[in-house]
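Here is a short set of exercises to work through with the structure open beside you. Try each task on your own before you read the solution.

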Amino acid sequence: QVQLVESGGGLVLPGGSLRLSCAASGRFLSIKNMRWYRQAPGKQRDLVAAITNGGSTYYADSVKGRFTISRDNAKNTVYLEMNSLKLEDTAVYYCNADATNWDGRDYRYWGQGTQVTVSS
């Protein structure tokens, strides 16, 4: 089992910055891909950014050039640095990770979410 705990959300002015963190804990062999999703009220949950355990990254077009995903494999933690925040970035941000458990199988886990509100 893997627990993902997000932190770093909050209220920020347009143009401001926030840094989200997501730490994985529990019993597992390894963490593979890690991702950040977001869900605004009344909308579907969308992929924002992803990173492999080798450091390859993916970004949704809407955040390219403004958000940076990174990870610390020693701490099993993924980060999302968000700059130049816009009103439309307001959403609950969820961490997601693929982990190999002790049974040798891969499972996907979700965090509980952290609220990011961009407002003047």
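Please keep in mind throughout that this is a predicted model.

**Exercise 1. Lay out a sheet**

Task: Work out how E1 and E3 pair, then find the order of the strands in the open sheet of four strands.

Solution, step by step:

1. Start with E1 and E3, which run antiparallel and share six bridges. A handy landmark here is Gln3, which faces Ser25 in E3.
2. Move on to the next neighbour. Strand E3 (residues 18–26) also pairs with strand E8 (residues 77–82), again in the antiparallel sense and over six bridges.
3. Check the register between E3 and E8. Cys22 stands opposite Val78 in E8, and Ala23 stands opposite Thr77 in E8.
4. Put the strands in order: the open sheet reads E1-E3-E8-E7, with antiparallel pairing.
5. Mark the edges. Strand E1 (2–7) and strand E7 (67–72) are the edge strands, each pairing on one side only.
6. Finish with the twist, which averages 15° from one strand to the next.

A reminder for reading such a sheet: side chains in a regular strand alternate between the two faces.

**Exercise 2. Follow the aromatic rings**

Task: Find the two aromatic pairs in the whole structure and classify each one by its geometry.

Solution, step by step:

1. A search of the whole structure gives two aromatic pairs.
2. Take Tyr37 and Trp110 to begin with. Their ring centres are 4.9 Å apart and their planes meet at 55°, so this pair is tilted.
3. Place the two residues on the chain. Tyr37 belongs to strand E4 (residues 30–39) and Trp110 to strand E10 (residues 106–110), so the pair ties together parts that are 73 residues apart in sequence.
4. Now take Tyr94 and Trp110. With 6.5 Å from centre to centre and 80° between the planes, this pair is edge-to-face. Tyr94 is in strand E9 (residues 91–100) and Trp110 in strand E10, 16 residues apart, and the pair links distant parts of the chain.
5. Combine the pairs: Tyr37, Tyr94 and Trp110 make up one aromatic cluster.
6. Ask how accessible the members are. Tyr37 has 15% relative accessibility and therefore counts as buried. Tyr94, at 14%, is buried too. Trp110, at 38%, counts as partly exposed.

**Exercise 3. Charges over rings**

Task: Which rings have the charged end of Arg19 or Arg45 over them?

Solution, step by step:

1. Look at Arg19: its charged end sits over the ring of Tyr79, 4.1 Å from the ring centre.
2. Look at Arg45: its charged end sits over the ring of Tyr94, 3.6 Å from the ring centre.
3. Link this back to Exercise 2, where Tyr94 appeared as a member of the aromatic cluster.

**Exercise 4. Trace the salt bridges**

Task: Describe three of the seven salt bridges found in the whole structure, and say where their partners lie.

Solution, step by step:

1. Return to Arg19, whose side chain meets that of Glu81 in a salt bridge (3.8 Å, N to O). Arg19 is in strand E3 and Glu81 in strand E8, so the pair ties together parts that are 62 residues apart in sequence.
2. Check the exposure of these partners. Arg19 counts as partly exposed at 45% relative accessibility, and Glu81 is partly exposed with a relative accessible area of 29%.
3. Turn to Asp106 and Lys32, which form a salt bridge with their closest N and O atoms 2.8 Å apart. Asp106 sits in strand E10 and Lys32 in strand E4, so parts that are 74 residues apart in sequence are tied together.
4. Check exposure again. Asp106, at 43% relative accessibility, counts as partly exposed, and so does Lys32, at 32%.
5. Now look at Arg38 and Asp89, whose side chains meet in a salt bridge (2.9 Å, N to O). Arg38 is in strand E4 and Asp89 in the loop between E8 and E9, 51 residues apart, and the pair links distant parts of the chain.
6. Are these last two partners buried or exposed? Both Arg38 and Asp89 are buried.
7. Complete the picture with a network: salt bridges that share partners join Arg35, Asp98 and Arg108.

Conventions. Residues are numbered from 1 along each chain as its sequence is written. This is a predicted model: local features need pLDDT of at least 70, side-chain atom pairs count only at pLDDT 80 or more; totals for chains, interfaces and linings use all residues. Side-chain values use heavy atoms; hydrogens and water are left out. Two strands pair if DSSP finds at least two bridges between them. Helices (H or I, at least four residues) and strands (E, at least two) are DSSP runs, numbered from the N terminus. Axes are lines fitted to C-alpha atoms, for helices over the stretch in contact, and angles run from 0 to 180 degrees between N-to-C directions. Rings of Phe, Tyr and Trp (its six-membered ring) pair if their centres lie within 6.5 Å; planes under 30 degrees apart count as stacked, over 60 as edge-to-face and the rest as tilted. Buried means under 20% relative accessible area, exposed over 50%, partly exposed in between (1.4 Å probe, protein chains only). A charge sits over a ring if NZ of Lys or CZ of Arg is within 6 Å of the ring centre and within 35 degrees of the ring normal. A salt bridge is a side-chain nitrogen of Lys or Arg within 4 Å of a carboxyl oxygen of Asp or Glu.
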